[in-house]
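Trainee: I would like a close look at one helix-to-helix contact, and at how that contact fits into the rest of the chain. Could you take me through it slowly, with the terms explained as they come up?

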Amino acid sequence: MAREQHSGGTELGRFLRARRTRVKPGDVGLPASSGIRRTPGLRREELATLAGISIDYYARLERGTETRPSPSVIDALARVLLLGEAEHKHLRDLAASADGHETAPAAVPASPCLRAPS
């Protein structure tokens, strides 16, 4: 089950929403609209179309009701959202975490016992 946060939605959904608001239509080759946009940045349908996924599927990712995006979907979203390598990796990590397949932190090797010289 997706990890819910107190402010609503999943970490993955909040990250997608936040990054979507940063990208202007002109940044991804869309014409500037003549009307007033209710929210800054790309609309969900614009992002979904550019990423090659359905609007419904993208909306479910933002809401947290879909938690298993494929690596190709993650890569397409990162491309449209103009994410750098660090943010792209963070998006992959969030998707893995939302799916319940968090990668376990690397085990710290046990330190050798130090003996006092006899």
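Mentor: What follows goes from the whole chain to one pair of helices and then to the core.

This is a predicted model, in which local features need pLDDT of at least 70 and side-chain atom pairs count only at pLDDT 80 or more, while totals for chains, interfaces and linings use all residues. Residues are numbered from 1 along each chain as its sequence is written, and side-chain values use heavy atoms, with hydrogens and water left out.

The chain has five helices and zero strands, where helices (H or I, at least four residues) and strands (E, at least two) are DSSP runs, numbered from the N terminus. Buried residues, meaning those under 20% relative accessible area with a 1.4 Å probe and protein chains only, make up 35% of the 118 residues in the chain.

Two packed helices are described by the angle between their axes and the distance between the axes. Helix α1 (residues 11-22) and helix α5 (residues 85-98) pack at an angle of about 150°, with their axes 9 Å apart; the axes are lines fitted to C-alpha atoms over the stretch in contact, and angles run from 0 to 180 degrees between N-to-C directions. That angle makes α1 roughly antiparallel to α5, a term used for angles over 145 degrees.

In this pair, Glu11, Leu12, Phe15, Leu16, Arg19 and Arg22 of α1 meet Glu87, His90, Leu91, Leu94, Ala95 and Ala98 of α5, contact being heavy atoms within 4.5 Å. The residues of this contact divide into seven nonpolar, one polar and four charged, where Ala, Val, Leu, Ile, Met, Phe, Trp, Tyr, Cys and Pro count as nonpolar, Asp, Glu, Lys and Arg as charged, and the others, Gly among them, as polar.

Leu91 of α5 deserves a second look: leaving aside its neighbours within four places in sequence, Leu91 is in contact with Leu12, Phe15, Leu16, Ile74, Leu77, Ala78 and Leu83. Leu16, Ile53, Leu77 and Leu91 touch the most other members among the 24 residues of the largest nonpolar core, which is a set of buried Ala, Val, Leu, Ile, Met, Phe, Trp, Tyr and Cys residues joined through side-chain atoms within 4.5 Å. The elements giving two or more residues to this core are α1, α2, α3, α4 and α5, and α4 gives the most, with six residues.

Key: Parallel < 35°, antiparallel > 145°, perpendicular 65-115°, else oblique. Buried < 20%, exposed > 50% of the residue type's maximum accessible area, 1.4 Å probe, protein only.
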